[in-house]
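Hi,

Here is the structure I promised to pass on to you. Have a look at it first, and then read my notes below.

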Protein chains: 4
Amino acid sequence: MPETPLSVAVIGAGYWGPNLARNFNAGPDWQLAAICDLDTDKATRLARSVGAVPVTGSVQELLQNPDLDAVAIATPARTHHGLATAALAAGKHVLVEKPLADSLARGEQMVAQAEAAGLVLMADHTYCYTPAVLKIRELVATGELGEILFIDSVRINLGLIQPDVDVFWDLAPHDLAILDFVLPGGLRPVRVSAHGSDPLGAGTSCVGHLVLELDTGAMAHIHVNWLSPTKIRQLVIGGSRRTLVWDDLNPQQRLSVYDRGVDLSRTARETGEEERSQSNVSYRLGDTWSPALPEHEALSAMVTEFAAAIRSRRPALTSGTAGVRVLSVLEAATHSQVSGAPVTLRPTLELESAS
Amino acid sequence: MPETPLSVAVIGAGYWGPNLARNFNAGPDWQLAAICDLDTDKATRLARSVGAVPVTGSVQELLQNPDLDAVAIATPARTHHGLATAALAAGKHVLVEKPLADSLARGEQMVAQAEAAGLVLMADHTYCYTPAVLKIRELVATGELGEILFIDSVRINLGLIQPDVDVFWDLAPHDLAILDFVLPGGLRPVRVSAHGSDPLGAGTSCVGHLVLELDTGAMAHIHVNWLSPTKIRQLVIGGSRRTLVWDDLNPQQRLSVYDRGVDLSRTARETGEEERSQSNVSYRLGDTWSPALPEHEALSAMVTEFAAAIRSRRPALTSGTAGVRVLSVLEAATHSQVSGAPVTLRPTLELESAS
Amino acid sequence: MPETPLSVAVIGAGYWGPNLARNFNAGPDWQLAAICDLDTDKATRLARSVGAVPVTGSVQELLQNPDLDAVAIATPARTHHGLATAALAAGKHVLVEKPLADSLARGEQMVAQAEAAGLVLMADHTYCYTPAVLKIRELVATGELGEILFIDSVRINLGLIQPDVDVFWDLAPHDLAILDFVLPGGLRPVRVSAHGSDPLGAGTSCVGHLVLELDTGAMAHIHVNWLSPTKIRQLVIGGSRRTLVWDDLNPQQRLSVYDRGVDLSRTARETGEEERSQSNVSYRLGDTWSPALPEHEALSAMVTEFAAAIRSRRPALTSGTAGVRVLSVLEAATHSQVSGAPVTLRPTLELESAS
Amino acid sequence: MPETPLSVAVIGAGYWGPNLARNFNAGPDWQLAAICDLDTDKATRLARSVGAVPVTGSVQELLQNPDLDAVAIATPARTHHGLATAALAAGKHVLVEKPLADSLARGEQMVAQAEAAGLVLMADHTYCYTPAVLKIRELVATGELGEILFIDSVRINLGLIQPDVDVFWDLAPHDLAILDFVLPGGLRPVRVSAHGSDPLGAGTSCVGHLVLELDTGAMAHIHVNWLSPTKIRQLVIGGSRRTLVWDDLNPQQRLSVYDRGVDLSRTARETGEEERSQSNVSYRLGDTWSPALPEHEALSAMVTEFAAAIRSRRPALTSGTAGVRVLSVLEAATHSQVSGAPVTLRPTLELESAS
């Protein structure tokens with residue numbers, strides 16, 4: 001017997017809201033109950049395009065509706081905390097567009113509030129629900145890649161220079177959310193170094209390199225760039241058994257898994273000999289494999305997961321806590337840029353239990 | 001009237017020596033006078049392959065030859081200083097394989113000695129003599145790219161893990177030599193940060209990210225990696241007018257020049273308004289252009305330049321001082337890895353005058 | 001003063017009709033007056049998605065509307081002739097999805113009828129209105145490529161095997177329409193050879209090679225294939241001055257113009273010497289150039305052209321006659337497959353005057 | 001116990017001879033006994049580069065040497081027959097550069113003569129010994145691809161226009177030799193159509209399309225072109241189970257095997273129903289796999305095979321008969337060009353027994 005759809009409102013009818021509205025409207029899990037935007041004309045246009053959905057310009061009014069189960073927030077980052085805490089206070093489950101909040105402290109407060117209220121707070125890390133990233137997560141989890149040796153993520157293109165956010169806060173949330181999703185235990189770097197530059201004098205970093213030292217000793221590097229005339233979306237995860245390359249702009253071969261690498265003889269590693277000769281190193285030059293990926297829309301899978309988390313009273317796959325882990329790196333990146341030195345992260349928060 | 005060929009000996013018959021010997025032997029500028037290697041069997045095999053060239057196992061003996069004009073040193077880096085200073089002391093011009101020496105101090109000493117003796121000390125920065133790099137240099141010099149906004153260089157592949165050198169000293173000299181060659185005034189970073197990791201426990205960094213802050217405010221990033229199953233040789237130079245991509249493994253289109261970018265209105269930059277709206281930013285989406293490159297062997301052009309520098313009593317295009325600038329970054333990278341913090345470089349040496 | 005929009009109905013609410021409806025609805029040139037489909041449920045769904053547009057299941061009823069200026073036919077090819085002749089008889093301008101008809105004779109009859117009635121009959125050769133094809137047409141017309149020496153067009157992928165049409169009639173209309181559009185004077189081959197095969201026993205050719213001898217002596221080859229696991233959309237036009245490659249699946253560099261080629265000395269050609277030495281041949285190895293292309297939707301440009309042709313009482317850029325030229329090649333291909341020999345085309349029809 | 005090396009002479013010191021000489025000289029199977037060329041200066045230079053090998057300008061003198069076991073002929077095609085028949089008459093085994101001869105009749109005569117004399121006549125189809133082609137042969141032979149549905153081979157670049165040979169005879173021997181090697185039972189087309197054009201007025205076809213109908217019903221297409229500014233070396237073999245793409249210019253992924261395709265339900269095929277609905281067709285969208293290839297030089301493997309064939313008194317893998325099958329297609333291509341129609345091949349020669 002199919003379950004009664006959950007009722008959801010989309011707050012924010014700008015760039016991302018229409019995608020959320022369309023997906024809530026499409027599947028059996030949700031009933032789209034309202035569109036909310038201060039600009040009610042914009043909200044009305046969106047409401048029409050998905051059928052006859054009620055419109056409101058008032059969040060207060062919206063949250064007073066006792067039949068509403070959840071809200072999805074697709075507004076600028078600086079408004080996320082205020083809207084989410086109001087919704088949680090009104091007893092609504094909350095989905096928040098990335099980044100979860102505009103500061104780590106606010107994100108943590110949102111997670112704590114959701115946990116206390118027994119509500120689902122979910123981060124809209126859409127990329128995590130793409131077929132490619134789901135496959136990467138599986139390959140890492142099942143040990144196909146072995147131990148992770150290095151990670152390199154590149155997300156560059158000609159981008160909109162924004163006055164109130166730098167290239168790290170604009171683009172790196174995608175990379176960080178993906179790494180958090182695919183690494184067992186989530187993204188828990190020990191130290192973070194960020195190098196940003198503003199060669200145009202735009203008032204904010206337009207080119208950025210982020211280096212994360214993971215607790216396993218591996219290093220992850222993220223290159224974000226608004227000034228690149230070539231568009232690249234590429235993630236490499238080098239493992240002790242195999243190495244994976246995700247080229248998101250190559251639809252004919254998005255994922256490649258290389259059964260090639262360098263082996264160091266275990267004896268040499270364990271005995272820790274001072275003098276390592278080159279003979280302890282060997283190369284594997286095996287096949288390359290490109291797994292077929294199912295076709296589905298990431299956003300559709302994400303709204304399904306939102307409903308499933310609410311119904312099962314469990315944290316979403318991309319939980320508020322995942323969003324907080326992303327914020328902790330972004331905030332460290334900001335500090336590192338200011339100080340010019342690496343930032344050591346405090347031992348990771350243990351908030352996983354509820355949200 | 002053609003000039004009398006200069007007389008040169010190659011010291012070191014290992015991996016690189018044969019390439020040097022073959023090129024000295026091929027053109028009209030040089031007469032290959034001897035091959036020198038402690039392993040005289042190896043030297044003999046090399047000597048035979050280029051005709052009947054004398055062989056010696058003794059550097060002292062070699063340098064006593066009054067008819068010898070120059071030596072080319074193709075031995076391990078730790079021996080460069082000893083061999084080069086002996087050759088300079090004997091009045092010979094010297095070409096040294098990269099890196100110039102195994103420390104900055106030794107490299108500087110070599111440059112000073114050559115200058116004092118009025119001899120040419122040349123760094124064998126072979127890549128600088130490739131048609132692609134010569135073209136890049138020209139495009140930067142003539143202002144085709146405008147101001148340089150960012151640089152990204154990637155040199156990754158499955159590489160030989162070496163016991164006595166890390167991935168920065170092994171691979172980055174190529175990138176640094178190229179940047180030194182194409183940047184007007186040479187490579188003069190203000191600060192250097194190096195992030196290395198040794199995920200296999202090999203005893204040395206196998207994956208490295210090097211970040212250079214240039215005195216212009218632009219940032220250069222270099223990724224070197226011995227553990228990558230995919231081989232990449234790519235340099236991007238982002239400019240205010242155009243952006244250049246050099247993909248050395250794509251023989252059909254090695255160089256691409258993109259007439260695309262972001263413009264920030266000058267007024268906004270000059271008035272330094274706090275609140276920059278997005279309307280000050282505009283995009284250019286122009287043509288892409290891939291210049292035809294002449295076909296020539298880089299090493300042949302390099303030995304020709306060595307002869308020309310000697311005959312004209314001028315520093316070589318890739319002078320000892322260029323080699324020293326490369327060493328200063330490599331040494332800063334080593335310090336940065338140890339301290340975990342950026343290293344500020346001392347005001348640049350002014351040794352350009354003679355060597 | 002803006003002109004009154006023309007009134008148009010879309011006949012056929014299947015795969016292509018919605019695209020036409022959306023574009024007629026979007027711009028200022030057209031007022032979408034009705035959707036017509038035997039399956040009125042399907043028509044109703046389409047009508048709703050573009051606003052409150054009237055629906056009908058009857059073509060007769062539709063054509064009786066005196067306010068209707070034009071119809072766009074997006075139904076199976078075997079119905080094109082019947083629908084178009086009825087619409088023309090009712091005094092409506094007609095746009096027909098490719099191919100214009102299911103036989104050359106029927107296509108010619110449609111053209112003749114439109115001409116006699118002074119109505120526009122336009123072929124929906126959508127690809128011709130893409131930025132890339134418009135640019136190719138310009139490059140050919142302005143002589144940038146010189147004389148055309150050879151043409152190679154590849155359109156292969158895993159395709160739907162269809163019971164009533166072979167791979168030539170399914171895929172080649174695109175290539176033929178494009179060639180007709182970019183060649184000065186249209187596509188007028190002297191001889192056509194078609195080689196098809198049906199290796200799966202599907203009852204129809206699934207792999208096809210079409211060879212056209214143009215009246216200039218150049219040869220055009222078209223490869224169409226439903227069985228290829230790799231998708232390729234590529235057109236090469238080799239010219240005496242430059243050669244153009246259009247790779248439609250490479251959004252970063254769709255068009256490349258190579259300033260490379262072979263030159264034969266004119267003297268040798270003119271004197272027609274028997275013994276041609278290789279010294280008469282020389283190579284140009286010039287730059288490659290990738291023109292920036294404007295961003296616009298092809299279908300939007302096409303419906304604009306339909307309106308413009310009606311208002312200016314001139315043939316559309318992709319006229320019914322263009323559609324007939326495409327049909328003449330398709331029909332020749334069918335004959336060539338049956339006979340196993342090349343088919344010589346009759347001197348080209350001269351119907352260009354009106355439609 | 002290692003066998004005594006066989007003695008071989010290389011006839012022809014031009015473009016290809018040096019490669020043969022170097023490989024005969026390198027391995028344990030052969031002793032390079034002489035270099036023979038009318039231009040004894042050229043022969044002497046080659047002889048020196050491989051050590052102190054005797055030189056002669058006279059084939060007669062060469063063949064009189066009773067210690068000589070074999071000759072390798074690397075001269076222009078029109079001289080192959082004369083040299084090979086003289087060598088066979090003198091009791092020497094013979095390796096002949098492609099094409100085996102300049103006509104089918106001469107090739108057949110050479111095969112017959114070798115067979116009668118019990119000598120090895122081998123075609124130098126070097127590509128067949130590359131790791132990629134050996135792997136392709138294995139994949140076809142083991143049924144990995146299933147039944148072969150279509151073949152497409154492209155070999156295009158800016159090429160030297162030659163006065164006495166067309167683009168088919170110059171380039172297609174490579175493609176034909178490869179197909180002959182990988183198809184079980186060799187290349188045995190039923191019909192051959194060739195379309196050539198000479199758009200520059202060079203006096204010979206510079207662009208060619210060759211279509212072969214195989215006895216299995218599959219169609220093979222070969223595109224050869226001297227006028228293409230882009231260089232392509234690509235072979236696609238579409239199978240009922242998998243499809244293989246060999247891209248010889250992509251060293252990072254030369255071979256790709258796609259587990260994708262179209263299935264037609266067997267029932268439909270067997271019952272041969274008139275009306276096939278689309279529901280009988282299904283698509284497989286499986287993984288892609290790129291097998292690792294060993295690194296070895298093709299020419300080295302080929303000279304080893306030449307020795308092995310002689311010692312085992314068996315035909316070489318690329319036998320004279322294989323060369324004759326290639327010639328039969330080339331000659332049919334020439335006839336097809338002249339007549340403008342397909343050429344039906346006579347039932348295949350059965351000469352496989354000895355050479």
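What follows is a short tour of what was found, from the way the chains meet down to single residues.

Please keep in mind throughout that this is a predicted model.

**How the chains meet**

Let me begin with chains C and D. Chain D superposes on chain C with an RMSD of 0.0 Å after a rotation of 180 degrees, with 0.0 Å of shift along the axis. If you want to find that axis by eye, look for D:Ala341: among the residues of chain D its C-alpha comes closest, at 2.7 Å. In this pair, 48 residues of chain D are in contact with 48 residues of chain C. Several strands of chain D give two or more residues to that side, including strand 7 (148–158), strand 11 (227–239), strand 13 (255–264) and strand 14 (281–290). By type, the residues on the side of chain D that touches chain C are 24 nonpolar, 19 polar and five charged. The two copies meet through the same surface, because 100% of the interface residues of chain D are also interface residues in chain C.

Chain D also touches chain A. A turn of 180 degrees and a shift of 0.0 Å along the axis lay chain D on chain A, with an RMSD of 0.0 Å. That is how a two-fold axis relates its copies. Here the residue of chain D that comes closest to the rotation axis is D:Trp289, at 2.2 Å for its C-alpha. Nine residues of chain D are in contact with nine residues of chain A. The side of chain D that touches chain A is made up of four nonpolar residues, four polar ones and one charged residue. Once more the copies use the same surface, since 100% of the interface residues of chain D are interface residues in chain A too.

**The parallel sheet**

Which strands sit at the edges of the open sheet in chain C? The sheet has six strands in the order 3-2-1-4-5-6, with parallel pairing. Its edge strands are strand 3 (55–56) and strand 6 (121–124) of chain C, each of which pairs on one side only. Strand 6 of chain C runs parallel to strand 5 (residues 93–97) of chain C, and four bridges join the two. Within that pairing, C:Val96 has C:Ala123 as its bridge partner.

Chain A gives a good view of the corresponding strand numbers. Strand 5 and strand 6 of chain A run parallel and are joined by four bridges, with A:Val96 standing opposite A:Ala123. Together with helix 5 of chain A, these two strands make a right-handed β-α-β unit. In a regular strand, side chains alternate between the two faces of the sheet. Strand 6 of chain A (residues 121–124) is covered on both faces: A:Leu121 and A:Ala123 are buried on one side, and A:Met122 and A:Asp124 are buried on the other.

**The nonpolar cores**

The largest nonpolar core has 235 residues, and the members that touch the most others are A:Val94 and B:Val94. Beyond its neighbours within four places in sequence, B:Val94 is in contact with B:Ala70, B:Val71, B:Ile73, B:Ala84, B:Ala87, B:Leu88, B:Leu119 and B:Leu121. Another core, of 234 residues, lies apart from that one, and its members include C:Ile73, C:Val154, D:Leu68 and D:Ala322.

**Backbone details worth a look**

In chain A, the peptide bond from A:Lys98 to A:Pro99 is cis, with omega near -10 degrees. A:Pro99 belongs to the loop between strand 5 (93–97) and helix 5 (104–117) of chain A, the strand and helix of the β-α-β unit described above. Chain B has a cis peptide bond from B:Lys98 to B:Pro99, again with omega near -10 degrees. B:Pro99 is found in the loop between strand 5 (93–97) and helix 5 (104–117) of chain B.

Finally, C:Arg313 has a positive phi, near 50 degrees, although it is not a glycine. You will find C:Arg313 in the loop between helix 9 (298–312) and helix 10 (320–339) of chain C. Is C:Arg313 buried or exposed? C:Arg313 counts as exposed because it has 10 other C-beta atoms within 10 Å, and the cut-off for exposed is 12 or fewer. In chain D, phi of D:Arg313 is likewise near 50 degrees, and D:Arg313 is exposed with 10 C-beta neighbours inside 10 Å.

Best wishes

How values were computed:
Residues are numbered from 1 along each chain as its sequence is written. Chains are lettered from A and ligands numbered from 1 in the order in which they are written. This is a predicted model: local features need pLDDT of at least 70, side-chain atom pairs count only at pLDDT 80 or more; totals for chains, interfaces and linings use all residues. A residue is buried if 20 or more other C-beta atoms lie within 10 Å of its own, exposed if 12 or fewer, and partly exposed in between; C-beta atoms are placed from the backbone. Copies are superposed by least squares on the C-alpha atoms of residues with pLDDT of at least 70 in both. Two residues are in contact if their C-beta atoms, placed from the backbone, lie within 7 Å. Two strands pair if DSSP finds at least two bridges between them. A crossover is right-handed if, with the strands pointing away from the viewer, the path from the first strand over the helix to the second runs clockwise. Ala, Val, Leu, Ile, Met, Phe, Trp, Tyr, Cys and Pro count as nonpolar, Asp, Glu, Lys and Arg as charged, and the others, Gly among them, as polar. A nonpolar core is a set of buried Ala, Val, Leu, Ile, Met, Phe, Trp, Tyr and Cys residues joined through C-beta atoms within 7 Å.
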